[in-house]
Amino acid sequence: NIESNSNEEFDISFSARYMLEALKTFKNAKRRFAESKIGDVVIIDDYAHHPTEIKVTLEAARQKYPNKKIIAVFLPNTYSRTEALLPDFIECLKTADKAYVMDIYCDRESQEDYPNVSSNNIIAGVPGSEKVSVETVEKLLKYKDAVLCFRIRLSLIFLTSTASSLI
């Protein structure tokens, strides 16, 4: 891209050097693809809550860690979005080697307004997926050499509940 945007007045070698230096100090956008490791387990926290973002996060994890299983742990955050984007959530979560889905958490909508919408709708469409909760988070302990992709801050629940068992 640098070369395609160059012109006679543009010093390509200077610009490339400058960009490489800038990339060395670049800090990832907050709440995006934040990585940590415990033993051979990679924990990725990402704010992804739209199917396109989830898909990109899972693809990036697979690209960076091609020899590890990619485990998605998803917390839907509104009933209306789950209903409107259900087919898209199903398709993007199918790209993980295993998907775990938590109950929908929403403080601005009421489940009574969406009686036919729950995380079970997603689970029903993703083969091999399972429900997970704070009480059942130990299910994730069986993944000793994997990448666990969480919605941001969910990993805190996992880590505080299970970290000593991972080591």
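This report walks through the fold, the core, the strand pairing and the aromatic pairs of one predicted chain.

Residues are numbered from 1 along each chain as its sequence is written. The model is predicted, so local features need pLDDT of at least 70, side-chain atom pairs count only at pLDDT 80 or more, totals for chains, interfaces and linings use all residues, and side-chain values use heavy atoms, with hydrogens and water left out.

## The overall fold

The chain has six helices and six strands. Helices (H or I, at least four residues) and strands (E, at least two) are DSSP runs, numbered from the N terminus. Along the sequence, the pattern reads α-β-β-α-β-α-α-β-α-β-β-α. Of the 167 residues, 40% count as buried. Buried means under 20% relative accessible area, exposed means over 50%, and partly exposed lies in between (1.4 Å probe, protein chains only). A contact means heavy atoms within 4.5 Å. Among contacts in the chain with a separation of 6 or more, 71% join residues 24 or more positions apart.

## The nonpolar cores

In soluble globular proteins, nonpolar side chains tend to be buried together. A nonpolar core is a set of buried Ala, Val, Leu, Ile, Met, Phe, Trp, Tyr and Cys residues joined through side-chain atoms within 4.5 Å. The largest one here has 23 residues. Ile 54, Leu 93 and Val 147 have the most contacts inside it. Two or more residues come from each of strand E2 (41-46), helix H2 (51-64), strand E3 (69-74), helix H4 (86-93), strand E4 (98-101), helix H5 (119-125) and strand E6 (146-151). H4 gives the largest share, four residues.

Which residues does Leu 93 touch, not counting residues up to four places away in sequence? They are Ile 54, Ala 72, Phe 74, Ala 99, Val 101, Ile 122 and Val 126. Apart from this core lies another, of 14 residues. Its members include Ile 43, Ile 71, Val 132 and Leu 148.

## Strands and their partners

Two strands pair if DSSP finds at least two bridges between them. The table lists three pairings.

| Strands | Sense | Bridges | One bridge pair |
|---|---|---|---|
| E1 (residues 34-38) and E2 | antiparallel | five | Ala 34 and Asp 45 |
| E3 and E4 | parallel | four | Phe 74 and Val 101 |
| E4 and E5 (residues 130-131) | parallel | two | Val 101 and Lys 131 |

E1 and E2 form a hairpin with two residues between them. In the turn, Gly 39 has a positive phi of about 60 degrees. E4, H5 and E5 make a right-handed β-α-β unit. Right-handed means that, with the strands pointing away from the viewer, the path from the first strand over the helix to the second runs clockwise.

## A look at E4

In a regular strand the side chains alternate between the two faces of the sheet. Are the faces of E4 covered or open? Both are covered. Lys 98 and Tyr 100 on one side are buried, and so are Ala 99 and Val 101 on the other. Val 101 has 0% relative accessibility. Leaving aside neighbours within four places in sequence, Val 101 is in contact with Phe 74, Leu 93, Ile 122 and Lys 131, among others. Lys 98 lies over the face of Tyr 100, at 5.5 Å from the ring centre. Here a charge sits over a ring if NZ of Lys or CZ of Arg is within 6 Å of the ring centre and within 35 degrees of the ring normal.

Asp 103 is found in the loop between E4 and H5. Asp 103 is partly exposed, at 46% relative accessible area. The C-alpha atoms of Asp 103 and Ser 119 are 5.4 Å apart, though the two are 16 residues apart along the chain.

## Aromatic pairs

Rings of Phe, Tyr and Trp (its six-membered ring) pair if their centres lie within 6.5 Å; planes under 30 degrees apart count as stacked, over 60 as edge-to-face and the rest as tilted. The count comes to three aromatic pairs. Why is the pair of Phe 74 and Phe 89 tilted? The centres are 5.1 Å apart and the planes are at 35 degrees, so the pair counts as tilted. Phe 74 lies in E3 and Phe 89 in H4, so the pair ties together parts 15 residues apart in sequence. Phe 74 is buried at 4%, and Phe 89 is buried at 1%.

Tyr 79 and Tyr 114 form a stacked pair, 6.1 Å centre to centre with 15 degrees between the planes. Tyr 79 lies in helix H3 (residues 79-84) and Tyr 114 in the loop between E4 and H5, so this pair ties together parts 35 residues apart in sequence.
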